[in-house]
Amino acid sequence: MTVTQSTRQTRPGLIRLREAAARDPKLRFTNLLHHIDIELLEEAYRALNRNAKAGVDGEDWSSYGVDLTPKLDDLCRRLHTNRYRTRPVLRCWIPKANGEQRPIGITSIEDKIVQQAIVWILEAIHENDFLGFSYGFRPGRSQHHALDAVYMAVTTRKVSWVLDADISKFFDTVEHGWLMRMLKERIADRRLLHLIERVLKSGVVDAGVWTGTEVGTPQGAVISPILGNIYLHYALDLWAIRWRKRNAVGEMYIVRYADDSVFGFQHRSDGTRFQRDLRRRLEKFGLSLNAEKTRLIEFGRFAAANRKQRGERKPETFEFLGFTHICSKRRSDGKFKLLRITIAKRQRSKLSQLREVLMRKRHRHPFEVGAWLRRIVQGHNNYYGVPGNYKALNAFRSEVCRAWLKALRRRSQKSADLNWSTFSRLVKRFIPSAQVSHPYPNQRLRV
């Protein structure tokens with residue numbers, strides 16, 4: 001059973017926990033903290049990102065690994081004797097594509113270890129409860145599973161209207177009171193609940209100033225994704241299923257990845273009423289829809305023909321998980337095709353950042369820079385390599401090559417005469433060609 005953070009949940013205790021949760025959906029677990037022992041803490045340490053930056057304690061993965069066993073033994077004792085204290089999260093800011101800045105929390109290494117152990121316990125219990133249309137940060141699921149679900153709904157089901165819903169600043173506005181009530185639906189172990197509450201209220205350090213946290217979960221923390229899924233499971237998912245059964249006139253399909261959701265409707269009236277009711281539902285839990293990113297649009301197999309008949313323009317597009325979804329046609333027979341291409345603004349932003357880094361790296365050995373660029377381009381192909389997106393993939397590769405050539409020519413006066421023939425050998429050696437690495441969803445899902 002593969003889980004998050006690239007580890008395997010093979011411990012017998014957690015397997016039994018998962019089986020017990022599956023047998024009885026209403027069972028509340030009263031004794032959970034004993035699952036966190038030295039062995040689980042060591043597994044959690046091994047599963048963490050080894051290249052992550054150090055938190056407020058100044059320790060990173062490597063430095064904490066020196067004399068690891070005594071440290072984990074002391075950590076385990078403090079956890080079980082209620083002497084463990086969480087450290088505040090170190091806040092840093094990263095730029096977003098729209099010019100704004102996103103807050104990211106850097107948790108101390110010891111807190112990361114504890115949080116990862118808690119995540120595995122929560123997953124063992126709540127993975128049985130989460131619904132099938134929830135894809136974000138779940139074992140065995142990825143962004144492409146969510147993208148495939150949207151593709152299949154639009155191309156094979158009665159979807160004529162799409163509500164692209166985005167919750168505004170979700171992780172910053174999660175209400176602790178509601179979250180703890182939701183956790184108590186399945187967990188009755190006061191020690192574990194108290195530990196999670198400490199994590200939530202550990203505070204942040206921004207520019208040397210400590211600030212308490214009364215709402216929200218720290219973005220970038222190991223535990224935030226599972227807590228976000230639990231919050232939205234009760235606040236959104238269960239309610240959306242009930243709304244579909246009781247209120248929808250036609251067909252309705254749901255795909256959620258963390259706080260980004262796509263809802264497909266057969267009738268516009270269903271989409272309008274659902275958007276109104278969704279806004280009210282989220283307000284009850286301290287959440288709100290992002291007005292700029294949330295839109296109900298006519299979209300699907302018959303959208304272009306219906307809009308043309310009414311004398312309207314082509315169907316609008318929507319963005320989901322890095323792709324712009326477009327109503328298109330197949331060249332062979334003119335039938336509907338769902339085209340997915342890289343979001344142009346996101347690709348431009350990524351290239352802009354890459355150019356800046358290339359200029360800083362221009363004096364390093366070309367083979368070192370080439371190996372780094374190979375990882376960048378291959379990773380880009382691995383994610384964005386979906387059918388129909390080859391043109392954008394090739395454009396990204398071309399711009400990377402152009403930026404690398406410019407950086408090499410800026411190394412010195414002699415390098416300014418670097419010709420394309422010499423440079424092309426570097427490109428051939430290091431820069432992967434644009435390639436489609438994902439099949440069509442209907443082929444991937446064929447049994």
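## Exercises on a predicted model

Helix 13 (residues 344-360) supplies the largest share of the positive patch, three residues. The model used in these exercises is predicted.

**Exercise 1.** Find which residues gather in the patch of positive charge on the surface, and decide whether Arg-348 counts as buried or exposed.

*Solution.*
Step 1. The residues of the patch are Arg-102, Lys-293, Lys-345, Arg-346 and Arg-348.
Step 2. Arg-348 is located in helix 13.
Step 3. A residue is exposed when its relative accessible area is over 50%.
Step 4. Arg-348 has a relative accessibility of 52%, so it counts as exposed.

**Exercise 2.** Count the helices and strands in the chain, then judge how compact the chain is.

*Solution.*
Step 1. The chain has 17 helices and eleven strands.
Step 2. Its radius of gyration is 24 Å, and the globule rule gives 22 Å for 447 residues.
Step 3. These values are close, so the chain is as compact as a globular protein of that length.
Step 4. Along the principal axes, the C-alpha atoms fill a box of roughly 70 × 65 × 45 Å.
Step 5. Buried residues make up 49% of the 447 in the chain.

**Exercise 3.** For Asn-82, state the phi, the loop where it lies and its exposure.

*Solution.*
Step 1. Asn-82 is not a glycine, yet its phi is positive, about 60 degrees.
Step 2. The loop holding Asn-82 runs between helix 4 (68-80) and strand 1 (89-95).
Step 3. With a relative accessible area of 44%, Asn-82 is partly exposed.

Terms used
Residues numbered from 1 in each chain as written. Predicted model: local features only at pLDDT ≥ 70, side-chain atom pairs only at ≥ 80, totals over all residues. Heavy atoms only, no water. Patch = residues over 30% accessible without salt bridge, like charges linked within 9 Å, V, L, I, M, F, W, Y side chains within 5 Å. Areas by Shrake-Rupley, 256 points an atom, 1.4 Å probe, with all protein chains shown as cover. Salt bridge = Lys/Arg side-chain N within 4 Å of Asp/Glu carboxyl O. Lys, Arg positive; Asp, Glu negative; His and termini not counted. Charge placed at Lys NZ, Arg CZ, Asp CG, Glu CD. Helix = DSSP H or I, 4+ residues; strand = E, 2+ residues; numbered from the N terminus. Buried < 20%, exposed > 50% of the residue type's maximum accessible area, 1.4 Å probe, protein only. Rg over C-alpha atoms; globule rule 2.2 N^0.38 Å.
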